[in-house]
Amino acid sequence: MSDSVPWKSTGNPFKVFVGQAIEGDQVVDVVVSTESDTPHWGVAGDTGAGKSTVLYIPVVHGRLNGWVVDILDNKENSMIEAEGHSGVRVHKTTGPAWALSPSS
């Protein structure tokens, strides 16, 4: 099995290609339908399992489709590569949505 899967555009802002999976005896594309231009993503897993890496997929997809992306990163170091890029706001503290400011 491959260690990585090349990026694929779905051509649809509401469908995000997230990788490939084995289905029966075939390798198939896995696509998440967001049904919204404001999807919420969460990934659970052990330390080092690749949660942050997986979450970069919707960040890139959102920016390629012109969306502003807000990232809530209480861990403070897991989404460092996204900081400072146009259209990406990384929030490091929790609070009411109206009180959150970029890189706060």
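Two residues are in contact when heavy atoms lie within 4.5 Å. The exercises below use a predicted model.

**Exercise 1. Describe the fold and its contacts.**
What pattern does the protein follow along the sequence?

Solution.
1. Count the elements: the protein has 1 helix and 4 strands.
2. Put them in sequence order, which gives β-β-α-β-β.
3. Take the contacts between residues at least 6 apart in sequence; 23% of these join residues at least 24 apart.
4. Turn to burial and surface. Of the 104 residues, 21% are buried. The exposed area is about 7,300 Å², with 53% of it supplied by carbon and sulfur atoms.

**Exercise 2. Characterise helix α1.**
Against which strands do the buried residues of α1 pack?

Solution.
1. Locate the helix: α1 covers residues 51–64, 14 residues in total.
2. Check its span. From first C-alpha to last it reaches 21 Å, close to the 20 Å expected at 1.5 Å a residue.
3. Apply the burial cut-off, under 20% relative accessible area. In α1, Y56, I57, P58, V59, H61 and G62 are buried.
4. Find their partners: the buried residues of α1 pack against β1 (15–23), β3 (69–72) and β4 (88–91).
5. Look just after the helix, where G66 has a positive phi of about 80°.

**Exercise 3. Analyse the largest pocket.**
Which element gives the most to the lining of the largest pocket?

Solution.
1. Start with volume: the largest pocket holds about 780 Å³ of space.
2. List the lining. It comprises 29 residues, and W41, L55, D70, I71 and L72 lie nearest the centre.
3. Assign elements: α1 and β3 each supply at least two lining residues, and α1 gives the most, with 7.
4. Sort by class: 13 lining residues are nonpolar, 10 polar and 6 charged.

How values were computed: Residues are numbered from 1 along each chain as its sequence is written. This is a predicted model: local features need pLDDT of at least 70, side-chain atom pairs count only at pLDDT 80 or more; totals for chains, interfaces and linings use all residues. Side-chain values use heavy atoms; hydrogens and water are left out. Buried means under 20% relative accessible area, exposed over 50%, partly exposed in between (1.4 Å probe, protein chains only). Accessible areas come from the Shrake-Rupley method with a 1.4 Å probe; for residues, only the protein chains shown count as cover. The expected span of a helix is 1.5 Å times one less than its number of residues. On a 1 Å grid over the protein atoms alone, a cavity is a set of points where a 1.4 Å probe fits but cannot get out, and a pocket is an open set with protein on both sides within 12 Å along at least five of seven lines; lining residues have an atom within 4 Å of a point. Grid points are joined across faces, edges and corners, and a volume is the space filled by probe spheres set on the points. Ala, Val, Leu, Ile, Met, Phe, Trp, Tyr, Cys and Pro count as nonpolar, Asp, Glu, Lys and Arg as charged, and the others, Gly among them, as polar.
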